[in-house]
Amino acid sequence: MAMTEKMAKGMPIMVATAGMPPRPSTSSAIIGGDGANTRNGLVNTYNGLLSQIDQMAADSGFNGTNLLAGDTINVSFNEKGTSSLKIAGTQVSASLLGMVAVGQTDFQDSNSINAVIATINSANTALQGQASTLGANLAVVQNRQDFTKQMINVLDTGAANLTNADLNEEAANSQALSTRNSLGISALSLANQAQQGILQLLRG
């Protein structure tokens, strides 16, 4: 069929213009069915995990002190308080880590999902830094605790030796010590007398 016949019948003719790129497509995919239900479930799970993060941080306190709430604790290593370690906590919550609740539209396309993943990775890095600091402080406290326990064992052993001693054995040891001292004094006296006698011989 000739070109004029097509135009006569009202059929459009696509004419390519030289040097002009084709127009990009403006259509977008819409997720529905099981895919949409799965992503909606992931949104609910994610928001639930944010709530659990806040609750776990709030429940990490002990004896009125919570390092994950920004409290500070001072650990003393001796009775005078001259040896101690000051540990500063950091407040932790989902919002302070940059993690906020998401909506259904945040899990509908790859860009939104990647943005949420980037936020999770950033929060993970921040928590790893805080955990490293707390771990170093914990190692110091545990080392001092082990040292203190060993010292307590030594003192307990010494106190037991003093209080649970056999009186007969200790009396014999005391007598032996006294005898050794007497022999030492006698030997020193004899040596001194012999030295004086030698001097007298030399003078004579």
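Which element gives the most to the lining of the largest pocket? In this predicted model, the answer is helix 3, which contributes 5 residues to that lining. The pocket itself has a volume of about 290 Å³, and its wall is formed by 14 residues, among which Phe-62, Thr-65, Leu-67, Ile-73 and Ile-87 lie nearest the centre. Two elements, strand 1 (72-76) and helix 3 (110-163), each give two or more residues to this lining. In terms of residue character, the lining comprises 8 nonpolar and 6 polar residues, with no charged residue among them.

The setting for this pocket is a protein chain of 204 residues, of which buried residues make up 10%. The chain holds 4 helices and 2 strands, and these elements follow one another from the N terminus in the order α-α-β-β-α-α. Among contacts with a separation of 6 or more, 48% are accounted for by residues 24 or more positions apart. The surface exposed by the protein chain amounts to about 16,000 Å², and carbon and sulfur atoms supply 58% of that area.

In soluble globular proteins, nonpolar side chains tend to be buried together. In the present model, the largest nonpolar core consists of 12 residues in all, namely Val-43, Tyr-46, Leu-50, Ala-57, Val-92, Ala-94, Leu-97, Met-99, Val-102, Phe-107, Val-116 and Ala-123. Helix 2 (34-58) and helix 3 each supply at least two residues of this core, and helix 2 gives the most to it, with 4 residues. One member of the core, Ala-94, touches Leu-50, Ile-53, Asp-54 and Met-99 when residues up to four places away in sequence are not counted; of these partners, Leu-50 and Met-99 are themselves listed in the core.

Three asparagine residues illustrate how surroundings vary along the chain. Asn-137 lies in helix 3 and has a relative accessible area of 17%, and because this value falls under the 20% limit, the residue is classed as buried. Leaving aside neighbours within four places in sequence, Asn-137 is in contact with Leu-85 and Ile-87, and Ile-87 is also one of the residues that lie nearest the centre of the largest pocket.

Asn-124 likewise has its place in helix 3, but with a relative accessible area of 40% this residue is partly exposed. The C-alpha atom of Asn-124 is separated by 8.6 Å from that of Leu-97, a residue 27 positions away along the chain, and Leu-97 belongs to the largest nonpolar core.

Asn-63, by contrast, is found in the loop between helix 2 and strand 1. The relative accessible area of Asn-63 is 72%, and the residue is therefore exposed, the cut-off for that class being over 50%. The backbone of Asn-63 adopts a positive phi of about 55°, although the residue is not a glycine.

Terms used. Residues numbered from 1 in each chain as written. Predicted model: local features only at pLDDT ≥ 70, side-chain atom pairs only at ≥ 80, totals over all residues. Heavy atoms only, no water. 1 Å grid on protein atoms, 1.4 Å probe; cavity = no way out; pocket = protein on both sides within 12 Å on 5 of 7 lines; lining within 4 Å. Points joined across faces, edges and corners; volume = space filled by probe spheres on them. Nonpolar A, V, L, I, M, F, W, Y, C, P; charged D, E, K, R; others polar. Buried < 20%, exposed > 50% of the residue type's maximum accessible area, 1.4 Å probe, protein only. Contact = heavy atoms within 4.5 Å. Areas by Shrake-Rupley, 256 points an atom, 1.4 Å probe, with all protein chains shown as cover. Core = buried A, V, L, I, M, F, W, Y, C linked by side-chain atoms within 4.5 Å.
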